[in-house]
Every structure is written in structure tokens, then in C-alpha cells.
Amino acid sequence: MAIRKIRIMGDDVLRKTSKEVKEMTPRLKTLVEDMFDTMYDAMGVGLAAPQVGILKRIVVIDTYEEGEKFALINPVITHKDGEQVGDEGCLSLPGKVATVKRPDHVICEAYDVNMEPITIEGHGLLARAICHELDHLDGVLYPDVAEEPVRNVTYEEEGE
Ligand code: NI
């Protein structure tokens, strides 16, 4: 178990485009494990590799709902529909949130850590997390797509 340092907005690495994973290696498997450890340590629901300084198309997500824990390699959204409007945060912008409009339903094709193809379907929070984490792979942060300026999390919101 290793917790990696999460890069904070302002760090150039968060603005770069990540590269496809050509083959899984022990080093990348360790990265995936470390990304889960880092995400859980920070109490997040998702983390993308550039957030720990690695420009590879890898994200981890766990909504804490049954069957909604994934490591996604080279993920691509192949379908989206519907709309949800809600607050979104990011481990790279601690203590901040903003309202972001996202599709309410997405289908995502990716590879798992064994480079087997997988298709996942998400509604609600999972759909939001998939969109948010995939944006990171192209250097996009939620303030870029938010409906309003980023604001500080208030004490009441923190309890939610
Ligand atoms: Ni994020």
C-alpha cells in the first residue's frame, strides 16, 4: 500500500493529455493499487493517473455502491444521454465545489487491469464520476465546464 501525492490545480501535469496504455506492466498494476489507496485515503470517489503525476489513461472509481468499483484503462465514453445538475468536487481542488451539468447516463468502454475489454454503464453519481475522471485524461478540470465559479465548501455542505 502506498499513498501518492495528489497534484493540486495549478500544477502543469493536470493540464496535459495522457497517453494510452499499450500494455499492462507490474509497474502500472502497482500504480492502479496506489491510486485506489490514495483515493480512499483522501475519501474521494475517483482519481485519474495525472492527479498523481502519471500521464497515462488510467482512472479508478468507487462510488461505494455495490458493483461500482472500477479501474479503467484507456476508457472511452461511447454513449451519453440525459442530464443531471449538481455539485462536483475534485481531490485536486480541496475544499472547493461548483455546480456542473453532466449526462445522467453514460456507457463507457475500457480495459480492466488484465487488459480485458469491459463495458460499464453508469447512472447518477457513477455517470458523473466517469465524465469527471475521463476529463482529467485530457487535461480538463471541472471549473472549465462548471455552470458557475468554484466556491468554498461550507461547513454544512461538508457534512453531506
Ligand atoms: Ni478530479
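## Close-up views of helix α1 and the nickel site

**View 1. The residue after helix α1 in the predicted model.** M43 follows α1 and has a positive phi, near 60°. The model shown here and in the other views is predicted.

**View 2. Helix α1 along its length.** Helix α1 covers residues 26–41. At 1.5 Å a residue, its 16 residues should span 22 Å, and the end C-alpha atoms of α1 are 22 Å apart, so the two values agree.

**View 3. The buried residues of α1 and their cover.** The buried residues in α1 are L28, L31, V32, D34, M35, F36, D37, T38 and M39. The cover over the buried residues of α1 includes three strands: β1 (46–48), β2 (58–62) and β3 (69–81). For F36, the relative accessible area is 13%, under the 20% limit for a buried residue. Y40, in the same helix, is partly exposed, with a relative accessibility of 28%.

**View 4. Aromatic rings around F36 and Y40.** The whole structure holds 2 aromatic pairs. In the pair formed by F36 and Y40, the ring centres are 6.1 Å apart and the planes meet at 20°, so the pair is stacked; the cut-off for stacking is under 30 degrees. Both residues belong to α1 and are 4 residues apart, about one turn of the helix. Ring pairs join F36 and Y40 with Y64 in a cluster.

**View 5. A lysine over the ring of F36.** The charged end of K69 sits over the F36 ring, 4.9 Å from the ring centre. F36 thus appears in two kinds of arrangement: stacked with Y40 and beneath the charged end of K69.

**View 6. Protein donors of the nickel ion.** Three protein atoms serve as donors: SG of C90, NE2 of H132 and NE2 of H136. These donors lie 2.1 to 2.2 Å from the nickel ion. Along the sequence, the spacing of the donor residues is C-x41-H-x3-H. C90 is in the loop between β4 (84–88) and β5 (96–102), while H136 is in helix α2 (residues 124–136), so this pair ties together parts that are 46 residues apart in sequence.

**View 7. Burial of two nickel donors.** C90 is buried, at a relative accessible area of 10%. H136 is also buried, at 1%. Both values fall under 20%, the limit below which a residue counts as buried.

Methods
Residues are numbered from 1 along each chain as its sequence is written. This is a predicted model: local features need pLDDT of at least 70, side-chain atom pairs count only at pLDDT 80 or more; totals for chains, interfaces and linings use all residues. Side-chain values use heavy atoms; hydrogens and water are left out. Rings of Phe, Tyr and Trp (its six-membered ring) pair if their centres lie within 6.5 Å; planes under 30 degrees apart count as stacked, over 60 as edge-to-face and the rest as tilted. Helices (H or I, at least four residues) and strands (E, at least two) are DSSP runs, numbered from the N terminus. Buried means under 20% relative accessible area, exposed over 50%, partly exposed in between (1.4 Å probe, protein chains only). A charge sits over a ring if NZ of Lys or CZ of Arg is within 6 Å of the ring centre and within 35 degrees of the ring normal. The expected span of a helix is 1.5 Å times one less than its number of residues. Contact means heavy atoms within 4.5 Å. Donors are N, O and S atoms within 2.8 Å of the metal (3.2 Å for Na, K and Ca); water is not among the atoms, so sites may look incomplete.
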